[in-house]
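Q: I've got a model open on my screen and I'd like to learn how to read it. Can we go through it together?

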Amino acid sequence: MEQKLLESIRNDFLNNKPIIILDDEREVEGDLVFPAELMNESVAEFFFKYGKGLFCIVGPEENLLKRGFFKLPTNYNANYFIPIDFGNGTGINAFERAQTCVQLANIQTTLSDFRYPGHVTLIGAKDFTMRRGHSESSVELMKLSGFKPFSVITEILDENGESHNIEHVFQLAKKFGLKVLNISDIWRFYVKNTELMKVKSVARLPTRFGEFKIISFENNLDHKEHIALLKEWEKGTTPYVRVHSECLTGDTLSSLRCDCGSQLSNALRKISEKGGILLYLRQEGRGIGLSKKIEAYNLQDSGYDTHEANIALGFKPDERDYAAAYQMLKALGVEEVILLTNNKEKVDELEKYGIRIRHSERLYGEITRYNEFYLKTKLIKFHHQLEELFEKEV
Ligand SMILES: Nc1nc2c(ncn2[C@@H]2O[C@H](COP(=O)(O)OP(=O)(O)OP(=O)(O)O)[C@@H](O)[C@H]2O)c(=O)[nH]1
Ligand SMILES: [Mg+2]
Ligand SMILES: [Mg+2]
Ligand SMILES: [Zn+2]
(Lines give C-alpha, C1' and ligand atoms only; values in the text may rest on other atoms or scores of the structure.)
(Ligands and ions follow the chains in the order given, each with its own letter.)
Protein backbone atom coordinates (compact mmCIF):
# COMPACT_ATOMS: atom_id res chain seq x y z
CA MET A 1 0.00 0.00 0.00
CA GLU A 2 1.51 3.27 -0.99
CA GLN A 3 0.92 6.98 -0.62
CA LYS A 4 -0.78 7.19 -4.01
CA LEU A 5 -3.32 4.58 -2.99
CA LEU A 6 -4.07 6.48 0.21
CA GLU A 7 -4.72 9.63 -1.77
CA SER A 8 -7.10 7.83 -4.05
CA ILE A 9 -8.89 6.31 -1.04
CA ARG A 10 -9.24 9.82 0.34
CA ASN A 11 -10.78 10.90 -2.95
CA ASP A 12 -13.18 7.98 -2.95
CA PHE A 13 -14.38 9.01 0.50
CA LEU A 14 -14.80 12.63 -0.56
CA ASN A 15 -16.88 11.34 -3.50
CA ASN A 16 -19.18 9.32 -1.23
CA LYS A 17 -17.56 6.00 -2.07
CA PRO A 18 -16.88 3.64 0.82
CA ILE A 19 -14.11 1.04 0.67
CA ILE A 20 -14.10 -2.56 1.83
CA ILE A 21 -11.70 -3.87 4.45
CA LEU A 22 -11.15 -7.61 4.34
CA ASP A 23 -10.11 -9.33 7.52
CA ASP A 24 -7.61 -11.70 5.95
CA GLU A 25 -5.97 -12.66 9.25
CA ARG A 26 -8.84 -13.63 11.51
CA GLU A 27 -12.41 -13.96 10.38
CA VAL A 28 -12.09 -13.71 6.58
CA GLU A 29 -15.00 -11.36 6.06
CA GLY A 30 -15.53 -7.95 4.52
CA ASP A 31 -16.81 -4.71 6.03
CA LEU A 32 -17.92 -1.54 4.29
CA VAL A 33 -15.92 1.38 5.71
CA PHE A 34 -16.40 5.15 5.53
CA PRO A 35 -15.23 8.17 7.59
CA ALA A 36 -17.78 9.05 10.29
CA GLU A 37 -17.21 12.76 9.72
CA LEU A 38 -18.40 12.45 6.09
CA MET A 39 -21.34 10.12 6.69
CA ASN A 40 -24.60 11.23 5.04
CA GLU A 41 -28.04 9.92 4.25
CA SER A 42 -27.18 8.30 0.93
CA VAL A 43 -24.01 6.53 2.11
CA ALA A 44 -25.88 5.33 5.20
CA GLU A 45 -28.60 3.95 2.88
CA PHE A 46 -25.93 2.17 0.88
CA PHE A 47 -24.58 0.57 4.07
CA PHE A 48 -28.05 -0.69 5.06
CA LYS A 49 -28.82 -2.00 1.60
CA TYR A 50 -25.54 -3.65 0.64
CA GLY A 51 -23.71 -4.08 3.94
CA LYS A 52 -26.72 -5.36 5.86
CA GLY A 53 -24.72 -6.18 9.01
CA LEU A 54 -24.61 -4.04 12.11
CA PHE A 55 -24.19 -0.30 11.43
CA CYS A 56 -21.40 0.74 13.82
CA ILE A 57 -19.34 3.82 14.59
CA VAL A 58 -15.83 3.08 15.78
CA GLY A 59 -13.58 5.47 17.67
CA PRO A 60 -10.44 5.18 19.79
CA GLU A 61 -11.46 3.65 23.10
CA GLU A 62 -9.67 6.16 25.31
CA ASN A 63 -11.21 9.08 23.40
CA LEU A 64 -14.71 7.67 23.89
CA LEU A 65 -14.14 7.07 27.59
CA LYS A 66 -12.81 10.60 28.06
CA ARG A 67 -15.98 12.01 26.50
CA GLY A 68 -18.18 10.06 28.88
CA PHE A 69 -19.28 7.18 26.66
CA PHE A 70 -19.37 3.99 28.66
CA LYS A 71 -18.83 0.35 27.90
CA LEU A 72 -21.52 -2.27 28.01
CA PRO A 73 -20.95 -5.30 30.19
CA THR A 74 -19.63 -8.27 28.24
CA ASN A 75 -19.01 -11.94 28.85
CA TYR A 76 -16.87 -12.45 25.73
CA ASN A 77 -14.41 -9.57 25.74
CA ALA A 78 -16.36 -7.41 23.26
CA ASN A 79 -15.77 -3.69 23.18
CA TYR A 80 -19.28 -2.32 22.68
CA PHE A 81 -20.21 1.01 24.19
CA ILE A 82 -23.71 2.25 24.89
CA PRO A 83 -25.50 2.74 21.53
CA ILE A 84 -26.39 6.37 20.79
CA ASP A 85 -28.69 8.70 18.79
CA PHE A 86 -28.24 12.35 17.95
CA GLY A 87 -31.22 14.71 17.64
CA ASN A 88 -34.87 14.46 18.54
CA GLY A 89 -36.16 11.97 15.97
CA THR A 90 -36.42 8.25 16.53
CA GLY A 91 -32.78 7.95 15.54
CA ILE A 92 -33.33 5.03 13.18
CA ASN A 93 -33.64 6.51 9.70
CA ALA A 94 -30.69 6.99 7.39
CA PHE A 95 -30.51 10.75 7.87
CA GLU A 96 -30.58 10.50 11.66
CA ARG A 97 -28.05 7.69 11.85
CA ALA A 98 -25.73 9.66 9.55
CA GLN A 99 -26.11 12.69 11.83
CA THR A 100 -25.16 10.55 14.81
CA CYS A 101 -21.94 9.52 13.01
CA VAL A 102 -21.02 13.08 12.10
CA GLN A 103 -21.67 14.31 15.62
CA LEU A 104 -19.61 11.57 17.19
CA ALA A 105 -16.69 12.46 14.91
CA ASN A 106 -17.07 16.02 16.17
CA ILE A 107 -14.82 15.65 19.20
CA GLN A 108 -16.44 18.59 21.00
CA THR A 109 -19.47 16.44 21.75
CA THR A 110 -19.82 14.32 24.87
CA LEU A 111 -22.26 11.65 25.93
CA SER A 112 -24.75 14.24 27.18
CA ASP A 113 -25.19 15.56 23.62
CA PHE A 114 -26.64 12.19 22.59
CA ARG A 115 -29.62 10.10 23.62
CA TYR A 116 -28.92 6.64 24.89
CA PRO A 117 -29.59 3.83 24.42
CA GLY A 118 -29.92 4.72 20.75
CA HIS A 119 -29.81 3.09 17.34
CA VAL A 120 -26.18 3.37 16.34
CA THR A 121 -23.79 0.84 17.79
CA LEU A 122 -20.61 2.37 19.20
CA ILE A 123 -17.38 0.37 19.31
CA GLY A 124 -14.11 1.23 21.02
CA ALA A 125 -10.98 0.53 18.98
CA LYS A 126 -7.88 -0.63 20.82
CA ASP A 127 -4.41 0.47 19.86
CA PHE A 128 -3.54 -1.08 16.48
CA THR A 129 -0.50 -2.80 18.04
CA MET A 130 -2.78 -4.50 20.59
CA ARG A 131 -5.48 -5.78 18.26
CA ARG A 132 -5.78 -6.02 14.51
CA GLY A 133 -9.48 -6.25 13.76
CA HIS A 134 -11.83 -4.32 11.51
CA SER A 135 -12.30 -1.68 14.20
CA GLU A 136 -8.63 -0.92 14.70
CA SER A 137 -7.65 -1.09 11.03
CA SER A 138 -10.51 1.15 9.94
CA VAL A 139 -9.61 3.79 12.55
CA GLU A 140 -5.99 3.60 11.42
CA LEU A 141 -7.06 3.98 7.80
CA MET A 142 -8.99 7.13 8.71
CA LYS A 143 -5.81 8.64 10.15
CA LEU A 144 -3.65 7.48 7.24
CA SER A 145 -6.06 9.01 4.71
CA GLY A 146 -6.31 12.31 6.56
CA PHE A 147 -9.59 12.02 8.46
CA LYS A 148 -10.54 12.07 12.11
CA PRO A 149 -10.08 8.67 13.78
CA PHE A 150 -13.76 7.72 13.64
CA SER A 151 -15.03 5.23 11.09
CA VAL A 152 -18.38 3.74 10.22
CA ILE A 153 -18.26 0.01 9.52
CA THR A 154 -20.88 -2.54 8.52
CA GLU A 155 -20.33 -6.20 7.82
CA ILE A 156 -21.27 -7.38 4.36
CA LEU A 157 -23.85 -10.16 4.23
CA ASP A 158 -24.66 -11.98 0.99
CA GLU A 159 -28.13 -12.61 -0.54
CA ASN A 160 -28.67 -15.44 1.95
CA GLY A 161 -27.62 -13.35 4.91
CA GLU A 162 -24.27 -15.12 5.23
CA SER A 163 -21.26 -13.14 6.41
CA HIS A 164 -18.22 -15.07 5.19
CA ASN A 165 -18.91 -15.08 1.48
CA ILE A 166 -15.75 -13.57 0.01
CA GLU A 167 -16.90 -14.12 -3.55
CA HIS A 168 -19.95 -11.99 -2.82
CA VAL A 169 -17.72 -9.30 -1.29
CA PHE A 170 -15.64 -9.11 -4.45
CA GLN A 171 -18.75 -9.04 -6.68
CA LEU A 172 -20.09 -6.12 -4.67
CA ALA A 173 -16.74 -4.35 -4.92
CA LYS A 174 -16.71 -4.82 -8.68
CA LYS A 175 -20.30 -3.71 -9.16
CA PHE A 176 -19.76 -0.40 -7.37
CA GLY A 177 -16.06 0.10 -8.08
CA LEU A 178 -15.07 -0.14 -4.41
CA LYS A 179 -11.48 -0.70 -3.36
CA VAL A 180 -10.76 -3.77 -1.24
CA LEU A 181 -7.96 -3.55 1.33
CA ASN A 182 -6.65 -6.30 3.56
CA ILE A 183 -6.13 -5.65 7.26
CA SER A 184 -2.62 -7.06 6.79
CA ASP A 185 -1.88 -4.41 4.14
CA ILE A 186 -3.00 -1.60 6.42
CA TRP A 187 -0.94 -3.13 9.23
CA ARG A 188 2.16 -3.37 7.05
CA PHE A 189 1.77 0.20 5.87
CA TYR A 190 1.37 1.32 9.48
CA VAL A 191 4.49 -0.57 10.64
CA LYS A 192 6.46 0.72 7.70
CA ASN A 193 5.61 4.34 8.42
CA THR A 194 5.43 4.50 12.21
CA GLU A 195 8.34 4.57 14.64
CA LEU A 196 7.42 1.76 17.02
CA MET A 197 10.88 0.81 18.29
CA LYS A 198 13.75 2.98 19.50
CA VAL A 199 17.25 2.18 20.74
CA LYS A 200 17.13 1.97 24.53
CA SER A 201 20.40 0.74 26.06
CA VAL A 202 23.76 -0.01 24.51
CA ALA A 203 26.78 -1.76 26.01
CA ARG A 204 29.98 -3.48 24.96
CA LEU A 205 29.67 -7.24 24.68
CA PRO A 206 32.86 -9.23 24.30
CA THR A 207 32.03 -12.75 23.07
CA ARG A 208 33.82 -15.89 21.97
CA PHE A 209 33.46 -14.53 18.43
CA GLY A 210 34.78 -11.05 19.04
CA GLU A 211 33.49 -7.86 20.56
CA PHE A 212 30.01 -6.57 19.71
CA LYS A 213 27.73 -3.84 20.90
CA ILE A 214 24.58 -5.23 22.50
CA ILE A 215 21.52 -3.06 21.97
CA SER A 216 18.09 -3.21 23.58
CA PHE A 217 15.02 -1.37 22.32
CA GLU A 218 12.10 0.56 23.65
CA ASN A 219 9.38 -1.48 22.00
CA ASN A 220 5.85 -0.26 21.39
CA LEU A 221 5.27 -2.85 18.72
CA ASP A 222 4.95 -6.06 20.74
CA HIS A 223 6.66 -5.15 24.04
CA LYS A 224 9.10 -8.06 23.80
CA GLU A 225 12.81 -7.71 24.56
CA HIS A 226 14.29 -8.18 21.10
CA ILE A 227 18.04 -7.64 21.06
CA ALA A 228 20.63 -6.61 18.48
CA LEU A 229 24.34 -7.46 18.44
CA LEU A 230 26.21 -5.05 16.27
CA LYS A 231 29.70 -5.07 14.86
CA GLU A 232 30.64 -1.87 13.05
CA TRP A 233 31.04 -2.27 9.28
CA GLU A 234 33.05 -0.19 6.90
CA LYS A 235 31.26 2.99 5.80
CA GLY A 236 29.81 2.67 2.33
CA THR A 237 29.56 -1.14 2.52
CA THR A 238 26.48 -3.25 3.19
CA PRO A 239 26.20 -4.90 6.61
CA TYR A 240 25.72 -8.65 7.01
CA VAL A 241 22.49 -9.20 8.87
CA ARG A 242 21.20 -12.31 10.60
CA VAL A 243 17.54 -12.34 11.65
CA HIS A 244 17.48 -15.14 14.19
CA SER A 245 14.39 -16.42 15.99
CA GLU A 246 14.82 -17.50 19.56
CA CYS A 247 15.42 -21.18 20.23
CA LEU A 248 16.20 -21.62 23.90
CA THR A 249 16.86 -25.33 23.49
CA GLY A 250 19.18 -24.95 20.52
CA ASP A 251 20.76 -21.54 21.15
CA THR A 252 21.61 -21.99 24.83
CA LEU A 253 20.86 -25.54 26.01
CA SER A 254 22.96 -27.27 23.32
CA SER A 255 20.05 -29.25 21.88
CA LEU A 256 20.83 -31.28 18.78
CA ARG A 257 17.20 -31.53 17.66
CA CYS A 258 17.67 -28.51 15.41
CA ASP A 259 20.43 -26.52 13.75
CA CYS A 260 19.73 -23.23 15.55
CA GLY A 261 22.70 -23.20 17.93
CA SER A 262 25.32 -23.86 15.28
CA GLN A 263 23.66 -21.41 12.89
CA LEU A 264 23.82 -18.76 15.59
CA SER A 265 27.54 -19.39 16.16
CA ASN A 266 28.25 -19.31 12.43
CA ALA A 267 26.32 -16.09 12.04
CA LEU A 268 28.20 -14.39 14.87
CA ARG A 269 31.51 -15.55 13.43
CA LYS A 270 30.62 -14.11 10.03
CA ILE A 271 29.29 -10.83 11.41
CA SER A 272 32.32 -10.42 13.63
CA GLU A 273 34.54 -10.87 10.61
CA LYS A 274 32.63 -8.74 8.09
CA GLY A 275 30.70 -6.27 10.20
CA GLY A 276 26.94 -6.34 10.57
CA ILE A 277 24.06 -7.07 12.91
CA LEU A 278 22.45 -10.03 14.59
CA LEU A 279 18.78 -9.40 15.31
CA TYR A 280 17.68 -11.79 18.01
CA LEU A 281 13.89 -12.06 17.85
CA ARG A 282 11.94 -13.40 20.79
CA GLN A 283 9.66 -15.63 18.80
CA GLU A 284 10.50 -19.03 20.23
CA GLY A 285 9.36 -22.14 18.40
CA ARG A 286 8.55 -20.33 15.15
CA GLY A 287 6.26 -18.11 17.17
CA ILE A 288 4.31 -20.70 19.17
CA GLY A 289 6.32 -20.33 22.38
CA LEU A 290 8.51 -22.69 24.37
CA SER A 291 5.85 -24.87 26.02
CA LYS A 292 4.07 -25.46 22.75
CA LYS A 293 7.38 -26.25 21.06
CA ILE A 294 8.01 -28.88 23.73
CA GLU A 295 4.56 -30.33 23.00
CA ALA A 296 5.46 -30.29 19.31
CA TYR A 297 8.72 -32.14 20.05
CA ASN A 298 6.74 -34.75 21.86
CA LEU A 299 4.45 -35.19 18.85
CA GLN A 300 7.53 -35.39 16.64
CA ASP A 301 8.79 -38.26 18.78
CA SER A 302 5.59 -40.11 17.99
CA GLY A 303 5.90 -39.72 14.22
CA TYR A 304 4.77 -36.23 13.22
CA ASP A 305 7.18 -33.99 11.35
CA THR A 306 7.78 -30.40 12.50
CA HIS A 307 5.24 -29.05 10.00
CA GLU A 308 2.51 -31.52 10.96
CA ALA A 309 3.14 -31.10 14.69
CA ASN A 310 2.44 -27.35 14.55
CA ILE A 311 -0.80 -27.97 12.68
CA ALA A 312 -1.84 -30.72 15.12
CA LEU A 313 -1.47 -28.13 17.90
CA GLY A 314 -3.76 -25.70 16.10
CA PHE A 315 -1.07 -23.38 14.70
CA LYS A 316 0.14 -22.46 11.28
CA PRO A 317 3.36 -24.30 10.36
CA ASP A 318 5.16 -21.00 10.91
CA GLU A 319 3.63 -18.23 13.06
CA ARG A 320 6.52 -15.78 12.85
CA ASP A 321 6.37 -12.12 12.03
CA TYR A 322 9.22 -9.88 10.93
CA ALA A 323 7.79 -6.46 11.79
CA ALA A 324 10.17 -6.20 14.77
CA ALA A 325 13.19 -7.03 12.60
CA TYR A 326 12.20 -4.21 10.24
CA GLN A 327 11.62 -1.77 13.12
CA MET A 328 15.03 -2.56 14.61
CA LEU A 329 16.77 -2.01 11.27
CA LYS A 330 14.86 1.25 10.92
CA ALA A 331 15.92 2.31 14.44
CA LEU A 332 19.54 1.50 13.54
CA GLY A 333 19.30 3.44 10.27
CA VAL A 334 19.92 0.39 8.06
CA GLU A 335 18.20 0.30 4.67
CA GLU A 336 20.22 -2.31 2.80
CA VAL A 337 21.52 -5.65 4.02
CA ILE A 338 23.18 -8.90 3.03
CA LEU A 339 20.91 -11.42 4.70
CA LEU A 340 22.29 -14.61 6.24
CA THR A 341 19.51 -17.17 5.80
CA ASN A 342 18.20 -20.20 3.93
CA ASN A 343 14.64 -19.05 4.46
CA LYS A 344 13.21 -17.17 1.51
CA GLU A 345 10.31 -15.89 3.59
CA LYS A 346 12.65 -13.69 5.64
CA VAL A 347 13.86 -12.10 2.40
CA ASP A 348 10.32 -11.55 1.12
CA GLU A 349 9.05 -10.14 4.40
CA LEU A 350 11.87 -7.62 4.84
CA GLU A 351 11.52 -6.56 1.23
CA LYS A 352 7.82 -5.88 1.76
CA TYR A 353 8.81 -3.35 4.42
CA GLY A 354 11.16 -1.69 1.95
CA ILE A 355 14.50 -3.10 3.15
CA ARG A 356 16.82 -3.68 0.19
CA ILE A 357 18.30 -7.18 0.23
CA ARG A 358 21.53 -6.88 -1.68
CA HIS A 359 21.69 -10.64 -1.69
CA SER A 360 21.11 -13.46 0.74
CA GLU A 361 23.84 -15.84 1.77
CA ARG A 362 23.22 -19.39 2.90
CA LEU A 363 23.89 -19.99 6.56
CA TYR A 364 24.23 -23.64 7.44
CA GLY A 365 24.28 -25.24 10.83
CA GLU A 366 25.52 -28.63 11.75
CA ILE A 367 23.68 -31.77 10.58
CA THR A 368 23.45 -34.42 13.24
CA ARG A 369 21.55 -37.69 13.31
CA TYR A 370 19.06 -35.94 15.60
CA ASN A 371 18.23 -33.02 13.31
CA GLU A 372 18.56 -34.61 9.89
CA PHE A 373 14.86 -35.43 9.49
CA TYR A 374 13.95 -31.96 10.80
CA LEU A 375 16.19 -30.29 8.22
CA LYS A 376 14.86 -32.48 5.41
CA THR A 377 11.35 -31.44 6.40
CA LYS A 378 12.41 -27.79 6.22
CA LEU A 379 13.80 -28.41 2.74
CA ILE A 380 10.74 -30.24 1.47
CA LYS A 381 7.82 -28.62 3.28
CA PHE A 382 9.10 -25.11 4.03
CA HIS A 383 11.18 -24.85 0.84
CA HIS A 384 14.26 -23.71 2.75
CA GLN A 385 17.35 -23.55 0.59
CA LEU A 386 19.12 -26.54 2.11
CA GLU A 387 19.65 -28.67 -1.03
CA GLU A 388 23.44 -28.32 -0.82
CA LEU A 389 23.49 -29.76 2.68
CA PHE A 390 22.09 -33.05 1.47
CA GLU A 391 23.81 -33.21 -1.92
CA LYS A 392 26.65 -35.37 -0.66
CA GLU A 393 24.21 -38.13 0.20
CA VAL A 394 22.06 -38.06 -2.92
N1 LIG B 1 7.40 -25.12 16.35
C2 LIG B 1 8.65 -25.55 16.24
N3 LIG B 1 9.64 -24.66 16.21
C4 LIG B 1 10.90 -25.10 16.07
C5 LIG B 1 11.21 -26.47 15.94
N6 LIG B 1 12.54 -26.57 15.84
C7 LIG B 1 13.04 -25.31 15.87
N8 LIG B 1 12.06 -24.43 16.02
C9 LIG B 1 12.12 -22.96 16.01
O10 LIG B 1 12.42 -22.54 14.70
C11 LIG B 1 12.98 -21.25 14.74
C12 LIG B 1 14.21 -21.22 13.83
O13 LIG B 1 14.58 -19.88 13.65
P14 LIG B 1 15.63 -19.38 12.59
O15 LIG B 1 16.82 -20.28 12.59
O16 LIG B 1 15.81 -17.94 12.84
O17 LIG B 1 14.85 -19.47 11.21
P18 LIG B 1 14.78 -20.56 10.07
O19 LIG B 1 13.37 -20.67 9.66
O20 LIG B 1 15.48 -21.81 10.51
O21 LIG B 1 15.56 -19.89 8.84
P22 LIG B 1 17.14 -19.67 8.64
O23 LIG B 1 17.31 -18.19 8.52
O24 LIG B 1 17.50 -20.36 7.37
O25 LIG B 1 17.83 -20.23 9.81
C26 LIG B 1 13.27 -20.96 16.19
O27 LIG B 1 12.27 -20.10 16.71
C28 LIG B 1 13.16 -22.34 16.84
O29 LIG B 1 12.75 -22.28 18.21
C30 LIG B 1 10.13 -27.39 15.96
O31 LIG B 1 10.29 -28.60 15.80
N32 LIG B 1 8.88 -26.88 16.10
MG1 LIG C 1 -15.69 -7.93 11.82
MG1 LIG D 1 17.46 -21.79 11.22
ZN1 LIG E 1 16.22 -24.68 17.33
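Q: What share of the contacts in the protein with a separation of 6 or more comes from residues 24 or more positions apart?
A: That share is 67% in this protein. Keep in mind that you're looking at a predicted model.

Q: And what are the basic dimensions and make-up?
A: Along the principal axes, the C-alpha atoms fill a box of roughly 80 × 45 × 40 Å. Inside that, you'll find 15 helices and 14 strands. Of the 394 residues, 39% are buried.

Q: How do I read a sheet, say the one that holds strand 4 and strand 5?
A: Start with the strand order, then look for the edges. Here the order is 4-5-3-6-2-1-7, in an open sheet of seven strands with mixed pairing. The edge strands are strand 4 (80-85) and strand 7 (180-182), each pairing on one side only. From one strand to the next, the twist averages 40 degrees.

Q: How do strand 4 and strand 5 run, parallel or antiparallel?
A: They run antiparallel, and four bridges join strand 4 to strand 5 (residues 115-125). To find the register, pick out a facing pair: Ile 84 stands opposite Val 120 in strand 5.

Q: Which helix packs on that sheet, touching strand 3, strand 4, strand 5 and strand 6?
A: That's helix 4 (residues 94-105). Its direction makes about 50 degrees with that of strand 5.

Q: What about the sheet with strand 8 in it?
A: Read it the same way. This is an open sheet of seven strands, ordered 8-9-10-12-11-13-14, again with mixed pairing. Strand 8 (197-207) and strand 14 (356-361) each have a single partner strand, so one side of each has no neighbour in the sheet. The twist averages 25 degrees from one strand to the next. For a parallel pair, look at strand 11 (residues 240-245) and strand 13 (residues 336-340), which are paired over two bridges. There, Val 241 stands opposite Leu 339 in strand 13.

Q: Which strands does helix 12 lie across?
A: Helix 12 (residues 323-331) lies across strand 8, strand 9, strand 10, strand 11 and strand 12, at about 85 degrees to strand 8. Helix 9 (residues 260-274) also lies across several strands, including strand 11, to which it runs at about 155 degrees.

Q: How do I find the middle of the largest nonpolar core?
A: Look for the members that touch the most other members. Among the 88 residues of this core, those are Ile 57, Cys 101, Val 152, Ile 277, Leu 278, Leu 279 and Ala 325. The core draws at least three residues from each of domain 1 (3-191) and domain 2 (196-283 + 320-391). Take Ile 57 as an example: its contacts include Cys 101, Val 120 and Val 152.

Q: What does the UniProt record add?
A: An unreviewed UniProt entry annotates residues 202-358 as "domain: GTP cyclohydrolase II". That span is 36% helix and 26% strand, and its end C-alpha atoms lie 27 Å apart. The unreviewed entry also has a "binding site" annotation on Cys 247, Cys 258 and Cys 260.

Q: Is Cys 258 buried or exposed?
A: Count the C-beta atoms around the residue; 20 or more within 10 Å makes it buried. Cys 258 has 22 others within 10 Å, so Cys 258 is buried. You'll find Cys 258 in the loop between helix 8 (248-252) and helix 9, and among its contacts are Cys 247 and Tyr 374. Cys 260 lies in helix 9 and counts as buried because it has 20 C-beta neighbours inside 10 Å. Cys 260 touches Cys 247, too, along with Gly 250, Asp 251 and Gly 365.

How values were computed. Residues are numbered from 1 along each chain as its sequence is written. Chains are lettered from A and ligands numbered from 1 in the order in which they are written. This is a predicted model: local features need pLDDT of at least 70, side-chain atom pairs count only at pLDDT 80 or more; totals for chains, interfaces and linings use all residues. Two strands pair if DSSP finds at least two bridges between them. Axes are lines fitted to C-alpha atoms, for helices over the stretch in contact, and angles run from 0 to 180 degrees between N-to-C directions. Two residues are in contact if their C-beta atoms, placed from the backbone, lie within 7 Å. A residue is buried if 20 or more other C-beta atoms lie within 10 Å of its own, exposed if 12 or fewer, and partly exposed in between; C-beta atoms are placed from the backbone. UniProt positions are given in the numbering used here, feature names are shortened, and annotations may be inferred rather than shown by experiment. A nonpolar core is a set of buried Ala, Val, Leu, Ile, Met, Phe, Trp, Tyr and Cys residues joined through C-beta atoms within 7 Å. Domain bounds come from an automatic or database domain assignment. Lists of a residue's contacts leave out its neighbours within four places in sequence.
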